[in-house]
Amino acid sequence: MDSTDFWDVLIIAGYLLGIVLIGLLSVRKKNRSSEGYFLAGKSLSWAVIGASLFASNISTVHLVGLAESGFTDGIVWGNFEWFSGIELLILAFVFIPFYLRTKITTLPQFLEKRYDSRSRILLAIFSILAALFMHIGVSLYAGAVVFENVFGVSIPLSIVIIALATGIYTIVGGLTSVVITETVQTVILIAGSLTITVLAIYRLPEIGITSYTELKTAVDPDRFKIVSFDAAKKGFTFADMLFGHLILGIWYWCTDQTIVQRVLGARSEKQAKLGALFAGFLKILPVFIMVVPGILAFALFRQEIGTDTKSVLPMMINQLMPVGLKGLMLAALLAAVMSSVAAAINSCSTLIVYDVFDKLKPNLADVQKIYIGRITGVLVLILAVIWSPFLGSLGTIFELINQMFSIFAPSIVAVFLLGILSSRGTANAAFFTLLGGSLFTVAVFLVEKYIPIGGISNYISSTEGLGINWLKQTYLNFIFSVLLYAVISIFDKQKQVIFPGFYLKVRSPSSLVNWLSVALLLTMLILYWTFY
């Protein structure tokens, strides 16, 4: 190890030690109760909620995957970030009032209050699988890829190091430790990503690019178009992205325990809504500090990167970051992976305690619940460490994780959304939509990935086959789930018994919430007008 490597490693080690200490020191007396451990004692303010939502979402998958997508396609993948602002508005105005006024601890518990225990069990299973195989496993692998490329540390060893550091404070401190560390990590994430973007811009004159116009010419102007209708080039239309992401986004931001748990820990409905809106504003940033660097890498290092597109971000770190700053960027990468993993571990523990053990033995003491939650966190982390190294051959990371999410999202969104908007949906409709819709999408996914038809791989999405890309599959699967839910509800003779007080009188949001919502929408319109 030379002196430069030494200083970068020292910065990373300092970051790891610092974030673990912050997480452990955040443990307070209120964490000794189950509500304190799993929901932070319902004390979270808007700033902590918003920063935590952002950090939980921006995993290493984003930093690595968005840079890769910017290199290959341009900012069109930034729609996945900007659409989130709309979905966070839906969280604030449609879902948060129901979640907080029904006083739930987990989202499966919400389905039991609206439908019955069968739907609760199914959603708990789906949520645990999503956290284990997607949130934690994919995040660990993406972070390890960067460490292998930059420092030569093997992927398995990197995965173990990241898992240990994250697991210590998450398992000991619960949600309070998670959200406090995520607030710190949000600052580090933004600072590190902004730094590499600025350094790449300063490098452009060395290759004769001195203006935005020259940059667009050098990389192809289409790379700076946020709205792309060129299905032949991108493999999907803008409409596919809009409607497909809407389903994925409502699932992720509004019905996924890993994300929504922060909202459930809010001190009030107003604070929860403001937190969601704050996260919406923060989600504007990734296009400029995570996708655009991939476009800059195309201008600067396209020959060196070639077809190894997973190395886009590691290449930029090695080529652009001087000693010390490289350590800062790697700390940002660690912040990304640790925040996502911590959120998923905490949500898994909550689901196991409240949707499994609390159902089997309803009178568990707080001490027992916390003990079970910690044991669950350890087991989940071990399983994720074992699973994550196998992700290497499964394709483009950012696209992969969204395809995996699309297996469960359509049926879950249909059941949640229709259950809130209408009282006519029945328990049987919810259960069989969750079960049948998900089995159908799993079958489609397996055929697409692993079963060639007529000698054609990826037959469903291939232009030589059906030509239905995965984004279009997502909203078509949602339509299938809605129809299934509606048909069963119409013909179901079993009377639906709804939790008393479930459909509550709508309250007018505060003026601050309304004004911020308008400001977020106007900001989005200006951005789309600028990059159309």
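Arg101, Glu269 and Lys273 are linked in a network of salt bridges. The model described here is predicted, and this report considers its charged pairs, its aromatic rings and one threonine in turn.

**Salt bridges**

The structure holds 10 salt bridges. Within the network named above, arginine 101 pairs with glutamate 269, and their closest N and O atoms are 3.0 Å apart. Arginine 101 belongs to helix H5 and glutamate 269 to helix H13 (residues 269–282), so this salt bridge ties together parts that are 168 residues apart in sequence. Arginine 101 has a relative accessibility of 17% and therefore counts as buried. Glutamate 269 is buried as well, because its relative accessible area is 14%.

A further salt bridge joins the side chains of aspartate 240 and lysine 472, at 4.0 Å from N to O. This pair links distant parts of the chain, with aspartate 240 in helix H11 and lysine 472 in helix H20 (residues 470–491), 232 residues apart. Is each partner buried or partly exposed? Aspartate 240 counts as buried, at 2% relative accessibility, whereas lysine 472 is partly exposed, with a relative accessible area of 26%.

Lysine 369 and aspartate 358 also form a salt bridge, their closest N and O atoms being 3.9 Å apart. Lysine 369 lies in helix H17 (residues 366–387) and aspartate 358 in helix H16 (residues 325–360), with their positions 11 residues apart in sequence. Lysine 369 counts as buried, at 10% relative accessibility, and aspartate 358 is buried with a relative accessible area of 19%.

The three bridges described are set out below.

| Basic residue | Acidic residue | N to O distance |
|---|---|---|
| Arginine 101 | Glutamate 269 | 3.0 Å |
| Lysine 472 | Aspartate 240 | 4.0 Å |
| Lysine 369 | Aspartate 358 | 3.9 Å |

**Aromatic rings**

A pair of aromatic rings is described by the distance of the centres and the angle of the planes. A search of the whole structure finds 21 aromatic pairs. In one of them, the rings of phenylalanine 83 and phenylalanine 238 have centres 6.0 Å apart and planes at 65 degrees, so the pair is edge-to-face. Phenylalanine 83 is in helix H5 (residues 79–101) and phenylalanine 238 is in helix H11 (residues 238–255), so that the pair links parts of the chain 155 residues apart. Both of these phenylalanines are buried.

The rings of tyrosine 252 and tryptophan 253 are likewise edge-to-face, because their planes stand at 85 degrees, with the centres 5.1 Å apart. Tyrosine 252 is buried, with a relative accessible area of 8%, and tryptophan 253 is buried with a value of 2%.

Which residues do ring pairs link into a cluster? The cluster consists of Trp82, Phe83, Phe238, Phe288, Tyr528 and Phe531. Elsewhere, a ring meets a charge: the charged end of arginine 223 sits over the ring of phenylalanine 298, 3.7 Å from its centre.

**Threonine 166**

Threonine 166 lies in helix H8 (residues 155–203). With a relative accessibility of 0%, threonine 166 counts as buried. A polar atom of its side chain lies 2.8 Å from the backbone oxygen of isoleucine 162. Leaving aside residues up to four places away in sequence, threonine 166 touches Met338, Val341 and Ala342.

Key. Residues numbered from 1 in each chain as written. Predicted model: local features only at pLDDT ≥ 70, side-chain atom pairs only at ≥ 80, totals over all residues. Heavy atoms only, no water. Helix = DSSP H or I, 4+ residues; strand = E, 2+ residues; numbered from the N terminus. Buried < 20%, exposed > 50% of the residue type's maximum accessible area, 1.4 Å probe, protein only. Polar contact = N/O pair within 3.5 Å; in protein donor to acceptor, adjacent residues only side chain to side chain. Contact = heavy atoms within 4.5 Å. Phe/Tyr/Trp six-rings, centres within 6.5 Å; stacked < 30°, edge-to-face > 60°. Lys NZ or Arg CZ within 6 Å of the ring centre and 35° of its normal.
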